[in-house]
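Open the model in your viewer and keep the selection panel at hand. This tour goes stop by stop, with something to select at each one.

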Amino acid sequence: MKSNVFGLFIACTLFALLLPVTSAQSLTVVAKAPLDDTPQPLLEEFFISENNRIIPSSSSDDPVRWNWWCWSEETGSDWPDDDGIYRRDYLGVNVSTDGEHNLVEHRINPDAADVKMEGEVKVVTGEENIRFVQFHLDITPMVNLSNQALLYIVLTEDRARDHHGREAVQLVREMRPEVGFSLQAFNTSSVVYEWPADHLEAAGVDLEDEPAGWSYTIALFGDVDNVSMQHELLLLRHGDLPTPYLHTTPSQQWMPLAFSAIAIIIAATVVSNARQRELMIPHITTAWKTNDLSTITVRIHAGATGFSITDWKVLEPWALRGRPPKTSLLANEEKVFTLSLRRAEQEDCHVEVGLDLEELGAWRQHIWLPHPSTPDRGSEREPDA
């Protein structure tokens, strides 16, 4: 009798393990590597000139370099320029066409370990056998971080060449700003971030045909305990994207059935959480008031979670008149706001909205509103979520 009960228990356990396999997406690890912990004292950001001739020498022997490209619309290049344009506008850099003043430096103090990070970088495939990248990270602030803390995960191509023959090193192909980690001291967050397959495809990245020649950078920007509200560099990690030739062995390709089932359950949970987060982000659009370049109409449609508006900002030379309302929206609620500007300018207007989302924390939306005298290139640009 006891043996029958024990056999029934084993059968039920195996059934429970196998059941999710029929509904969850199966992920295969193509290559993986631990997060590179080589000290990186300096991050340089450089905006490549339109003629791509002037790239100044680095101020360090071996810095981490992000080379941004902002000129595809003007030059017909197949290099992606959307993240470069966003980063340029976010930093408020006036990009020169000759490259003389296009270098921006962020330095990190190697003695100040304000944030610790451990984890793995994985190149994986799903059911359609298309490769994408996951970052499994454990993030531990050693001090309280500001609400504006933002993690950038950047993919660079070590040596890029477009279809016109232009060449660049350490070219930024994909950039994703991430939140969702704890800001409290000594509170470890275990998170999974991705470069999805469709984003890599849009950026011209094919990890199956070209698995090598890519690098990743993880940079955490923010401030300690809301003291100065500066967007300083708090952590910098950089390394080569793992390839199947260097980082896997035959023993890593096969796992026992029980461990495979558990991995599938975890992967399905990660994908589900990522989709839920996408639904939480509000949708923001802007438009000029008819025949009035001193008034902007902003329409905000909340996602699946409520949020509060913490601040409004327009980039120079535009300036706000008065203080726009700081209010809250419920889930799926829509509101329309009117922003009054001090005077009309001749340049495109860039509006930034600071948000505090339930469950996600601090978030910042950047909306690009073209000047009516220029061709309409889209009135909205949101950070990837």
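What share of the 385 residues in the protein is buried? Buried residues make up 46%. Keep in mind that this is a predicted model.

**The whole chain**

Start with everything shown. Colour by secondary structure: the protein has six helices and 18 strands. Switch on the surface next. The accessible surface comes to about 20,000 Å², and 51% of that belongs to carbon and sulfur atoms. Now consider contacts between residues at least 6 apart in sequence. Of these, 65% join residues at least 24 apart.

**The four-strand sheet**

Select strands 1, 5, 6 and 9. They form an open sheet in the order 1-5-6-9, with antiparallel pairing. Strand 1 (28-34) and strand 9 (189-195) are at the edges. Each has a single partner strand, so one side of each lacks a neighbour in the sheet. On average, neighbouring strands here are turned by 25° against each other, direction ignored.

Zoom in on strand 6, residues 131-141. Seven bridges join strand 6 to strand 9, and the two run antiparallel. Pick L137 to see one such position: V191 in strand 9 stands opposite.

**Strand 7 and its two partners**

Move to residues 150-161, which are strand 7. Is this strand mostly covered or mostly open? Mostly covered: nine of its twelve residues are buried.

Add strand 8, residues 167-178. Strands 7 and 8 pair in the antiparallel sense over ten bridges. Label I153; its bridge partner in strand 8 is R176. The two strands form a hairpin with five residues between them. In the turn, click G165 and check its backbone: phi is positive, about 90°.

Then add strand 10, residues 214-222. Strand 10 runs antiparallel to strand 7, joined to it by eight bridges. Label L150 here; its bridge partner in strand 10 is F221.

**Aromatic stops**

Select Phe, Tyr and Trp. How many aromatic pairs does a search of the whole structure find? The search finds eight.

Centre on W66 and W68. Their ring centres are 5.9 Å apart and the planes stand at 85°, so this pair is edge-to-face. W66 is buried at 0% relative accessibility, and W68 is buried at 1%.

Shift to W69 and W79. Their ring centres are 5.2 Å apart with the planes at 90°, so this pair is also edge-to-face. W69 is in the loop between strand 3 (64-68) and helix 2 (72-75), while W79 is in the loop between helix 2 and helix 3 (82-91). The pair therefore ties together parts that are ten residues apart in sequence. Both W69 and W79 are buried.

For a cluster, select F135, W195 and Y216; these form one aromatic cluster.

**I296 and its surroundings**

Go to strand 13, residues 292-301, and pick I296. I296 is buried, with a relative accessible area of 0%. Show its contacts, leaving aside neighbours within four places in sequence. Among them are W288, F337, L341, V351 and L369. Draw a distance from I296 to F337: the C-alpha atoms are 8.3 Å apart, across 41 residues along the chain.

C349 is another contact of I296, and C349 is buried at 0% relative accessibility.

**Last stop: cysteines**

Select C70 as well. C70 is buried, with a relative accessible area of 4%. How many disulfides does a search of the whole structure find? Zero.

Note on methods: Residues numbered from 1 in each chain as written. Predicted model: local features only at pLDDT ≥ 70, side-chain atom pairs only at ≥ 80, totals over all residues. Heavy atoms only, no water. Buried < 20%, exposed > 50% of the residue type's maximum accessible area, 1.4 Å probe, protein only. Pairing = 2+ DSSP bridges. Disulfide = S-S within 2.5 Å. Contact = heavy atoms within 4.5 Å. Axes fitted to C-alpha atoms, helices over the stretch in contact; angles between N-to-C directions. Areas by Shrake-Rupley, 256 points an atom, 1.4 Å probe, with all protein chains shown as cover. Phe/Tyr/Trp six-rings, centres within 6.5 Å; stacked < 30°, edge-to-face > 60°.
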